[in-house]
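Colleague: Could you take me slowly through a single part of this model, setting out the backbone and the exposure together? I would like to look at it closely before going further.

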Amino acid sequence: MQKSYIWSLPTRVFHALFAVFILLAFLTDDDNLLQYHAIIGYSIFILLLFRIGWGLFGPKHSRFKDFPLSIKKAKEFLGEMLTDKSKYVGHNPMASFVMIAILVTVFLTIVTGVLAFGIQEGRGIASGLNSSFFREMELFEEIHEFFTGVLIALVVAHLGGVLVDKVLHGKNKTLNSIANGYKMTDEKEDITVNFYQKTFAFIMAVLFIVFLLFNLNTPKNVLTASVFKPVNYKQENSLFVAECASCHTLYPSPSFT
């Protein structure tokens, strides 16, 4: 077998960031961390844009047209999975289907997350919908949770596929290729990344970094800001503060929230 370079650096960096930020999204899925959850969601969207572009005009094996998306090929692959036959240098049919499903599910999760964030919390780019009839339905929040569950199942399937490949086809070094880009193949085959692909990857990397830095330095912006203006209850209830608050604790009325 030959050692072939099949996964470019941008592909591997995307894969690592995609996995890390999806994990962070799950870890920040808490009412007290919604702002960070939203920022992470937008960051994943930038990664998703890169992967779509990379899938359209990236290097070989990363392009969607090179994915063996065929039910017939998937059946053949499953039938030959226990053998040493491995004619797929890049993604195999099952991995291709799971990868596409993950990308689509992540997109739908982000869209429904933005809508839920705006409708239920009155924050972000969809905050204008907070006053609509959708607020009482909690529809998009439930849909967002549904797609989150689907994504978990797909990630488990992806990890399961990696484990099965490691056990049955360990000699191909597929798991190692995720880190170093090299896989053992029947015939030597090295990919190349041209100038335009490198430029696209560089622009997307800069966009991703700038986005993160901007949100760290400007936590309240159009992506996360609330439509509700902060209320100074002490100023609006000056008489109460002057006459009663010296002995009683000042609590805002639920009608003001």
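Colleague: In which loop does Lys-173 lie?

Modeller: Lys-173 lies in the loop between H6 and helix H7 (174-180), where helices are DSSP runs of H or I with at least four residues, numbered from the N terminus. Please bear in mind that this is a predicted model, in which local features need pLDDT of at least 70. Residues are numbered from 1 along each chain as its sequence is written, and side-chain values use heavy atoms, with hydrogens and water left out.

Turning to the backbone, Lys-173 has a positive phi of about 60°, although this residue is not a glycine. Lys-173 counts as partly exposed because its relative accessible area is 39%, given that buried means under 20%, exposed means over 50%, and partly exposed covers what lies in between, with a 1.4 Å probe and protein chains only.

On one side of this loop is H6, which spans residues 139-168, and Glu-141 lies in that helix. Glu-141 is partly exposed too, because its relative accessibility is 32%.

For a second loop to set beside this one, consider His-61, which is found between helix H2 (34-57) and helix H3 (71-80). His-61 also has a positive phi, here of about 80°, and is likewise not a glycine. His-61, however, is classed as buried because its relative accessible area is 8%. In short, a positive phi occurs at Lys-173 in a partly exposed setting, and at His-61 in a buried one.

Key: Helix = DSSP H or I, 4+ residues; strand = E, 2+ residues; numbered from the N terminus.
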